Amino acid sequence: MALTLPPLTLYIHLPWCVRKCPYCDFNSHVAPDTLPEAETVAALLADLELDLPRAWGRTVHAIFFGGGTPSLFSAASIEAILEGVGARVRLAPDAEITLEANPGAVEHDRFEAYRSAGVNRISLGVQSFDDERLAVLGRIHGGEEARRAIDAVSSAGFDNFNIDLMWALPGQDVAGMQADLDAALSFAPPHLSHYQLTLEPNTVFAKHPPALPDEDTVWAMQDAAAERLAAAGYANYEISAWARPGRESRHNLNYWRFGDYLGIGAGASGKITLPAEQQVLRTRRRTIPASWLRAAADRSFIAEAEPVAAVDLAFEFMLNRTRLAEPMPLADFRARTGLDESALQPGLDRAIEAGLLERRDDVLLRTEHGAQFLNDLQAMFLPVAD
Ligand code: SF4
């Protein structure tokens, strides 16, 4: 089978935060007193240039500023990055440009400036509207500040924005989860990310675990949230992501569909299809912000650039693709991995037999059971040791 080029997006990582939240396993670091904004802008553009030969002539369909807390950066810096990107790659005229922002880390009128800079979607890390829950999560904002930030996003003219909420929080019950959800829905966000809090390795919460809601409460919360969001007109297009029609996150959707993305900035990962070499290349930038910044001296930003082994490709495709509710044409599998569908065996047979996937002609469908037991479904496609 021949690999063909999927859509391409660009991920830009800005790794600094006001402080580190105890549950966070992202590549985020406490910001120095003065953010190295100008150096970061220059380094990001130099970093991008390393990927250009591999993405020559391709159109970038979306840009995503993630972190960390990208809203710690001024609108002038974001504009300089976007101008520099526009001078180096071909950007689709309708490209979706998302910036992650945190209430408490952005002043009211900065959203207007971001919009003038070219950002057309804001993703706001609200997590909860309940002051007590926010304090346990170590967030720097309160519920009232979260509300003001959402109002500011709307009044700045963003008709496309996301609210991040977390659920199954320490001390939360079903009513508390619903109150958070209702508060978020009162702002009619086009997109809502609804993440279950999980304890990730190498976090403060993993070392000192808080008491989380019991399993029955978690199931009850999940059912109640799904019912409420569906009734409000949102589709659960990815395990934790809900959107009104046409408002799915373009960069994230491309990522889950096993599309290509350039990843620049400290610790960012990228994936680039190289049809001439019949390879899918994974890239990873230096993780520690100071070391990534120092790499500007000799442009040694890239810590790893390795082709994905054929044996891992099928698993990686399914790991991402099974997160989505939409049908999975096997033609996509062939085009994006360069593999024949026999590379999905025997996982495919097992998943169908267990009722986690269904097959209709040349299309796979994740069942409701498959969504509920996603980890089991994904594990069925793990490479088999020789
Ligand atoms: S604000 Fe977000 S990225 Fe920063 S430490 Fe908290 S959870 Fe992590």
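# Exercises on a predicted model

D164 is buried but has no salt bridge, and the nearest side chain of opposite charge, R139, is 7.4 Å away. The model is predicted.

## Exercise 1: the surroundings of D164

Locate D164 and find what its side chain contacts.

Solution.
- Step 1. Place the residue. D164 sits in strand 7, residues 161-167.
- Step 2. Test for a charged partner. A salt bridge needs a Lys or Arg side-chain nitrogen within 4 Å of a carboxyl oxygen of Asp or Glu. For D164, the nearest side chain of opposite charge is R139, at 7.4 Å, and D164 has no salt bridge.
- Step 3. Look for a polar contact. The D164 side chain makes one with the side chain of S193, at 3.5 Å.
- Step 4. List the neighbours beyond four places in sequence. D164 touches S123, L124, G125, V126, Q127, S193 and Y195.
- Step 5. Follow one of these neighbours. Q127 belongs to strand 6, residues 121-127. Its phi is positive, about 70°, although Q127 is not a glycine. Q127 is buried, with a relative accessible area of 7%.

## Exercise 2: the ligand shell

Name the residues around the ligand and sort them by character.

Solution.
- Step 1. Collect the shell. It consists of C17, R19, K20, C21, Y23, C24, F26, S28, G68, T69, N102 and R139.
- Step 2. Sort the shell. It divides into 5 nonpolar, 4 polar and 3 charged residues.
- Step 3. Inspect G68. This residue lies in the loop between strand 4 (59-67) and helix 2 (75-88). A cis peptide bond joins G67 and G68, with omega about 20°.

## Exercise 3: salt bridges across the chain

How many salt bridges does the structure hold, and which parts does the D47 and R285 pair tie together?

Solution.
- Step 1. Take the total. The structure holds 24 salt bridges.
- Step 2. Examine D47 and R285. Their side chains meet in a salt bridge at 2.7 Å, N to O. D47 lies in helix 1 (residues 37-51) and R285 in strand 13, so the pair ties together parts that are 238 residues apart in sequence.
- Step 3. Check burial. D47 is buried at 0% relative accessible area. R285 is buried too, at 0%.
- Step 4. Widen the view. D47, D51, R54 and R285 are linked in a network of salt bridges.
- Step 5. Turn to E326 and R257. Their side chains meet in a salt bridge at 2.7 Å, N to O. E326 lies in the loop between helix 11 and strand 15, and R257 in the loop between helix 9 (250-256) and strand 11 (260-264), so the pair ties together parts 69 residues apart in sequence. E326 is partly exposed at 24%, and R257 is partly exposed at 31%.
- Step 6. Add R284 and E304. The closest N and O atoms of this salt bridge are 2.9 Å apart. R284 is in strand 13 and E304 in strand 14 (residues 302-307), 20 residues apart.

## Exercise 4: helix 12 and what follows

Find the buried residues of helix 12 and the elements they pack against.

Solution.
- Step 1. Pick out the buried positions. In helix 12 (residues 330-337) they are L330, F333, R334, R336 and T337.
- Step 2. Find their packing partners. These buried residues pack against strand 13 (279-285), helix 11 (310-321), strand 15 (328-329), strand 16 (357-360) and strand 17 (363-366).
- Step 3. Step past the helix end. Just after helix 12, G338 takes a positive phi of about 75°.
- Step 4. Continue to P346, in the loop between helix 12 and helix 13 (347-353). The peptide bond from Q345 to P346 is cis, with omega near 0°.

Conventions: Residues are numbered from 1 along each chain as its sequence is written. This is a predicted model: local features need pLDDT of at least 70, side-chain atom pairs count only at pLDDT 80 or more; totals for chains, interfaces and linings use all residues. Side-chain values use heavy atoms; hydrogens and water are left out. A residue is near a molecule or strand if one of its heavy atoms lies within 4 Å of it. Ala, Val, Leu, Ile, Met, Phe, Trp, Tyr, Cys and Pro count as nonpolar, Asp, Glu, Lys and Arg as charged, and the others, Gly among them, as polar. Helices (H or I, at least four residues) and strands (E, at least two) are DSSP runs, numbered from the N terminus. Buried means under 20% relative accessible area, exposed over 50%, partly exposed in between (1.4 Å probe, protein chains only). Lys and Arg count as positive and Asp and Glu as negative; His and the chain ends are not counted. A polar contact is a pair of N or O atoms within 3.5 Å; within protein, one must be able to donate a hydrogen and the other to accept it, and residues adjacent in sequence count only if both atoms are side-chain atoms. Contact means heavy atoms within 4.5 Å.
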